[in-house]
Structures are given as C-alpha cells and as structure tokens.
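Student: I've got a protein model open and I'm not sure how to read it. Could you walk me through it?

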Amino acid sequence: MDTMRDRFIATTSRLLDEDARLAVVLAEISRDGFDGAHRRHPDRVINVGIREQLLVGVGGGMALAGMRPVMHTFASFLVERPFEQVKLDLGHQDVGGVLVSAGASYDWPAGGFTHMSPGDVALLDTLEGWTVHVPGHPDEAESLIRHAAAGDDRVYVRLSLQSNAQGLDVDGARFLRVREGAAGVVVAVGPILDNVLAATEGLDVTVLYATTVRPFDGEALRAAVAGARAADVVLVEPYLAGTSTTAANDALVDLPHRVLGLGVSREELRRYGSLDEHLAAQGLDAQGLRERISGFLGRGR
C-alpha cells in the first residue's frame, strides 16, 4: 500500500493538471516526487529551499493574487517553525491556503525532536478559522486533499506513516459512528482508529471516527452520548493529549459529563526507537489504550 504522502504527491500532481488556480510550494521535502508536475507547470510548482518561513510567505502572496497554494513540508517545519507567517501571512491577511504536513508526531524518530510535532494541532487552535483534517488511510488522505484544494478557506491536512488497514468514506465534516455501545463514547482520530477498535473489542462502547477535528463535530458527539448510559467520553488523538478536550466539553456544556483526553504526552522521549515503540511508550498501542479506557469507564460506575 502506498503511504499518505505518496498519495498526496500523486493526487496533487493530477490536480495541478486540472485546476489552473492551484500551486504547490515546497521547501525541499518531497521535491523529487513533484519533478513531473514541475516540468509540466514550472510556474506553479515552486521550491524555495530550506526556508520554511519563506514557504508560507510565498503561499500567502499567491493567495493574495487569487491562487490556491498548497504548502508542504514536515509538520514541525510547516506549523511550528513558521508560525508567525501562518498567523500573519495567511490568517491576518484573511486569505486561504492548504498546509499539508508529513512526519506527524514522531513518524521518523531517528530524525530527533526537531522532526517531531505533537503540538501542531494545539498550536493551530490558537488561530481563527482553520479546518483541520487528520486522515487515517491514504484513500482518506486523497479525499480530504481534494476537498481542501477545491475550497477557499485555511486548511491543515496532517499526514502520517501510521495508517489504518482500511479507508472509510469521509466527507471532510462529520464524525463516523463505527461501533455501537452504551457504557460510554470513544472518539478515535485518524490513524489511531485500528488501535482503538482493538482496544475496545468486547467493551460496551460507541466508537466515533474523526478525520476532520476542526470544526469539531459536537453534534455527533452529543448524539452518541444521548444513546449511552453515562456521558463518559474518551478522546484518543495521535498528537498532544487533551488537544480536543475543550471542544468536547463545549459540546456537552449543558450535560453532566466526564472527558478523558489520551494522546502524546508533553514529556519528551529522548530515545529514537521506532514508530511502534513510541506508540507503546505513549500508551497509544492497543494494550495501553485498553487499560486506560477500561480504567476510566470503570471508575464512572
């Protein structure tokens, strides 16, 4: 199976052929993948070199000129390093664009902490008007990238090497209900779904699948909670733990409820390891999730 990043390159290269408004701005990362598109559209595939602030600045300028820029590099270099440009050149100028990241929270541990970005979605939460997609499979990545490219708003698409075994039919808005139960609700974000389904096997819980986390689908959460015996909610996110707890609390503000946010700890793990080892160390593998979800729901009885 191809990766989400492979699918992003192939999909966006085709979209460049179809939409003269679209442009791609790179900062070396994935440059080779866009060689063919660059030959066909040298004025709309721009590589600025290892200058991430310029990456976003160029995208903002293209947006002011009426184009739809797709800006791409590792998450830590796309959201964190040029955050001022994201805030000003896109947000303050009130123009649209698509940020597409790779690397996720710790996809390449050997790259060290410079290449890890567990706080990217939480950081974008400080800004107004961002849509955030977190696909869990290459098929979903393609759908969400096409959805983002066709719009005019500010969109962040967070890609990962971690992938679920099967893609679902996502629409860029709603949470999907993938399992029914009555003892609580578990929201699984993007590529963490398979681990959540394994962790909750045999548990009497509803599982919601979220690939678009901003705006947060509070309506789906409220509907799921309404069918449960208790308004106990577990959010499992493949980035900073607790990123969406405020959104969940806001959705349930008029109901007595409990929310547990699971995700990546603020504590820095200073050994490289592998992706799977980082998942286990963060308690985001099936065993770790089973223990924490069961413990939380059990305490609510």
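**Reading the sheets**

Tutor: Let's start with one pair of residues: L176 has Y209 in β9 as its bridge partner. This is a predicted model, where local features need pLDDT of at least 70, side-chain atom pairs count only at pLDDT 80 or more, and totals for chains, interfaces and linings use all residues. Residues are numbered from 1 along each chain as its sequence is written, and side-chain values use heavy atoms, with hydrogens and water left out.

Student: What counts as a strand, and what counts as a pair?

Tutor: Strands (E, at least two residues) and helices (H or I, at least four) are DSSP runs, numbered from the N terminus. Two strands pair if DSSP finds at least two bridges between them. Here, β7 and β9 (residues 206-210) run antiparallel and are joined by three bridges.

Student: Which strands make up the open sheet of five strands, and in what order?

Tutor: The order is β7-β9-β8-β11-β12, and the pairing is mixed. β7 (176-179) and β12 (258-264) are at the edges with a single partner strand each, so one side of each has no neighbour in the sheet. On average, neighbouring strands of this sheet are turned by 25° against each other, direction ignored. For such angles, axes are lines fitted to C-alpha atoms (for helices, over the stretch in contact), and angles run from 0 to 180 degrees between N-to-C directions.

Student: Which helix lies across β8, β11 and β12?

Tutor: That's α12 (residues 286-299), which runs at about 165° to β12.

Student: How is the sheet of seven strands arranged?

Tutor: Also open and mixed, in the order β2-β1-β3-β4-β6-β5-β10. Its edge strands, pairing on one side only, are β2 (45-47) and β10 (212-214). The average turn between neighbouring strands of this sheet is 20°, direction ignored. At the β10 end, β5 (residues 130-133) pairs with β10 in the antiparallel sense over two bridges, and V132 has R214 in β10 as its bridge partner.

Student: Which helices pack on this sheet?

Tutor: One of them is α1 (residues 4-18), touching β1 (22-26), β2, β3 (68-74) and β4 (97-102), with its direction at about 140° to that of β1. Another is α3 (residues 52-64), which touches β1, β2 and β3 and makes about 170° with the direction of β3. Contact means heavy atoms within 4.5 Å.

**Buried or exposed**

Student: Why is β1 described as largely enclosed?

Tutor: First, the terms: buried means under 20% relative accessible area, exposed over 50%, and partly exposed in between (1.4 Å probe, protein chains only). Five of the five residues of β1 are buried, so the rest of the structure largely encloses this strand. In a regular strand the side chains alternate between the two faces of the sheet. In β1, L22, V24 and L26 are buried on one side, and A23 and V25 are buried on the other.

Student: Which strands does β1 pair with?

Tutor: β1 pairs in the parallel sense with β3 over five bridges, and V25 stands opposite M71 in β3. On β2, three bridges join the two strands, which run parallel, with L26 opposite N47.

Student: Is T73 buried or exposed?

Tutor: T73, in strand β3, is buried, with a relative accessible area of 0%. Leaving aside neighbours within four places in sequence, the contacts of T73 include A27, L55 and V100. Now look at H92 in helix α5 (residues 83-92): H92 is exposed, at 63% relative accessible area.

**Empty space inside**

Student: How do I find empty space, and how many cavities are there?

Tutor: Rolling a probe the size of a water molecule over the atoms shows where empty space is left. On a 1 Å grid over the protein atoms alone, a cavity is a set of points where a 1.4 Å probe fits but cannot get out, and lining residues have an atom within 4 Å of a point. Grid points are joined across faces, edges and corners, and a volume is the space filled by probe spheres set on the points. That gives two cavities of 30 Å³ or more. The largest holds about 70 Å³, and the second largest about 40 Å³.

Student: Which elements line the second largest cavity?

Tutor: α1, β4 and α7 (138-149) each supply at least two lining residues. The largest share, three residues, comes from α7.

Note on methods. 1 Å grid on protein atoms, 1.4 Å probe; cavity = no way out; pocket = protein on both sides within 12 Å on 5 of 7 lines; lining within 4 Å.
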